[in-house]
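Colleague: Got a minute? I'd like to learn how to read a model like this one.
Modeller: Sure, let's pull it up.

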Amino acid sequence: MEYAEILHRCFRCGFCKLPSDYTDINCPSYLKFKFETYSPGGRMWLLKAWLNKDIKTTPRLAEILFSCTACGNCVEHCVFPAFKEDLLNAFIAGKGELVNEKAIPPKVRDYFEAIYLHGNPFKRLRKNRANWATELNLESFSGQTYLFYVGCLGSYDENGQKMAYHTAKLMIDGGVSFGILGDKESCDGNEVRSMGEMELFKHIAEKNIQEFRNAGVENIITLSPHAYHSFKNDYSQLGGHFNVYHYSHILKDLIGKKEAVTSGTSIPVTFHDPCYLGRHNNDYQAARDVLRAIPGIELVEMDRTMNNALCCGGGGGNFYTDILGGGPDSPARVRVREALETGAEVLVVACPQCILMFEDAIKSEGISEKLNVMDLSEVVQSGLP
Amino acid sequence: MKNIDKELADIVGSEFVSNHPEEKFIYSRDMGTMEPAFPDLVVMPNTTEEIQKIVQLANREEIPITPMGGGLTLSGLVRPLKGGIVMDLKRMNRIIAVNEKSRYVITEAGTSQGMLQAYLKKHHPSLKHSVPDAPPIATIAGNVLIHGSGHISQSGGFHSEMLNGMEVVMPTGEVVRIGSCATSPYWFSRAPLPDLAGLFLGWAGTTGIVTKLAIKLYPNRLFNDVKAFVTEDSEQVAEVIHRVTGTQVAEDVNVVMSSRMPGFQIVFMTYSADTKEELTWKRNLIRASLKKFIDDNVGGFMVVLPVLKGDFLEVPMKNITQFADEMQGGGFEYIGAIMPIELFSEAYRTGIEIADHFGIPHFIIVRVVGLGHCMMFAYAYAFNRADEADIKKVQAALEDTNRKVLQMGGIPWKAEAPAQKQIIEHMDPNTFALMNRIRAVLDPKGIMNPGNWEV
């Protein structure tokens, strides 16, 4: 197994479970399941034990590995600089071994199959991929400055579709030159990679790179931070070199250049940093700059913010497999409670996975009267307060 | 062992009971060198009442219970030596109340050091607790119960001395309160009642399960600084400690010796103040207390560069945990010997000899406990977890260290099960007989962490 040489170097000290001020558990799967096995150190030691044949392949082992959201909190807070950067790589490699053994949770298998056969995890028709854009009469990409890549959730999930719509509308209004791929768009593959199916990821990425090249794409705006990360960091390793932007970067260029002057009523909002924009790509400011530029918004921060943000629990395919769903200690439910504690009336997100997770969590918590989840583009569009 | 999975699931919920091989593997061992001992079940209760029910069940079925906090002693104290149930208490992590005026906090047993640290910083910034240099996921209760020490131990003593009271589930299932909380709504002190806390402190979980506790809090001052005094003469260090602690201005005094700086003993003294003037005054007191050694040309103050001060003032100090990667092998264990400070030089020489004998780089860190009343002299040995021979070598070094510590007149702290046997060999037989009589009364069926404090 790749990265096997670092497994025994983990001391299992547990810094990786926490944010930098140690407020509370910040590893989503450990937060939910509580057993040491579901912590990053638990995974390291279990993988070592598994390679040593001290434990066998079991559904429990698969659940432990695939409950990792790849949020990167462990990488951020591990105190061993010699190998911390490879913690997630080791977990992904471990998942990859289980993929090779065909010993993966049924929902993970379903995810891979759906992506392979349909180009999306929901088994939805490719021809419907651009339904969200019908009202906007968006142009297909044909050499405009940007390709707007909306991804699977942006194409098929109700909340994601709204995000895509609002973002596109703002870009149209702002005079941004862009087009979409429509039914030629396919999954970006980031979750496939983070779930260890490297062959499928490579297949997806190479196909997408070819599609982008054929269309003459140079600049890509993504709806999802996951796609942003993949295009920016992983596709380039497969020869796909594009200038990649998250939509928050574009919104910042459009409206976020100056501080708003608020007079009259204001509304408190808090921002949830998406893992693949924040910890994975060190971008914490663009969305905040946008929010600060909107008159009437009072930006309040949660205890765990920026590089300490608690993941929504949707990464690593968990938005689909739902291994971390259910119960008051699911990361999304913990996070919406944390947002509510700030006094915010709106929890602002910039990722279609986050909005999906938090919408469900707010219903489960019964706090929809008190806290609203909105994507950044919708906030801009609505012109709160 | 009778199958009690379902009964446990009825008590705590099925998701918090496991007999899966994965949990059995992880909960069979800790980060040190002790051999694994496998549990039959791991259970995670959420309330005192749930613990009561589990204990009653275990009593009925005569199944061992090993209570677990952070599981970070490194000496294998939460390995279930005779199988049974490992009870992981980390779900019980609620901070119940802070009394600002009387400076104490009441918390559940699973609350981590880091969580309390962050909570105080946010809600009671004028207060702090004594934090050990264990990783922040270590629990408050676990550290108190092993007689731990930390960043205020020079002024406040062992963490067990900072304990105001406890709620305990007895091995037979009754819930008892220890300290002022037994007779008062306040958890302010263990005095003036008969002090029953000793029935649970230092017993390695063999006398009951602590579910709540109150510990003392201390002023968290605005200005913090560190001084470092270095000498190459180990004979001087006990006197250095004696003089510095005599000023009563340092909060924490540590001595560090490492094969990276052979021959040097560096005494780090941290202190804090409400104003810059007070900080300067304390600094001057410390300087004056050690002037004799500078005049005698046997030591001097070392400049701590501003960029490094953060590392020395960090609570807890991460670089102690980082020692685990010294051999690129993810492991270290140490013998923390509690001993009087006059043994410093002998203890230091012994440490060097043992390290040389076993071919292990030496790393010794000493924390002064109380006003020089004693010290925790830690002989730390890093090892490569992937190399069985290396683990065996460090096990032998640890055993040798325990033996020599006892010969010197020190006592190994949070001793491994084999070291507990070594301690018992040195112990007054009547003392050990009393321990056994107490245990027989408290735990007639011998279910609490059996295998510890036994010959």
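Modeller: Start with burial: 65% of the 385 residues of chain A count as buried, meaning under 20% relative accessible area with a 1.4 Å probe, protein chains only. This is a predicted model, where local features need pLDDT of at least 70, side-chain atom pairs count only at pLDDT 80 or more, and totals for chains, interfaces and linings use all residues. Residues are numbered from 1 along each chain as written, chains are lettered from A and ligands numbered from 1 in written order, and side-chain values use heavy atoms, without hydrogens and water.

Colleague: What radius of gyration does chain A have, and what would a compact globule have?

Modeller: The rule, over C-alpha atoms, is 2.2 Å times the number of residues to the power 0.38. For 385 residues that gives near 21 Å, and chain A agrees with its 20 Å. Its C-alpha trace spans about 60 × 50 × 35 Å along the principal axes.

Colleague: And how much area do chain B and chain A bury between them?

Modeller: Interface size is often given as the accessible area lost when the parts come together. Here that is about 3400 Å², 69% of it on carbon and sulfur atoms, using a 1.4 Å probe and summing over both parts. B:Glu22, B:Ile26 and B:Ile137 supply 19% of chain B's share, more than any other three residues.

Colleague: How many salt bridges cross the interface?

Modeller: The rule wants a side-chain nitrogen of Lys or Arg within 4 Å of a carboxyl oxygen of Asp or Glu. It finds four between chain B and chain A. B:Glu23 forms a salt bridge with A:Arg60, the closest N and O atoms being 3.1 Å apart.

How values were computed. Buried area is the accessible area (1.4 Å probe) that two parts lose on being put together, summed over both. Buried means under 20% relative accessible area, exposed over 50%, partly exposed in between (1.4 Å probe, protein chains only).
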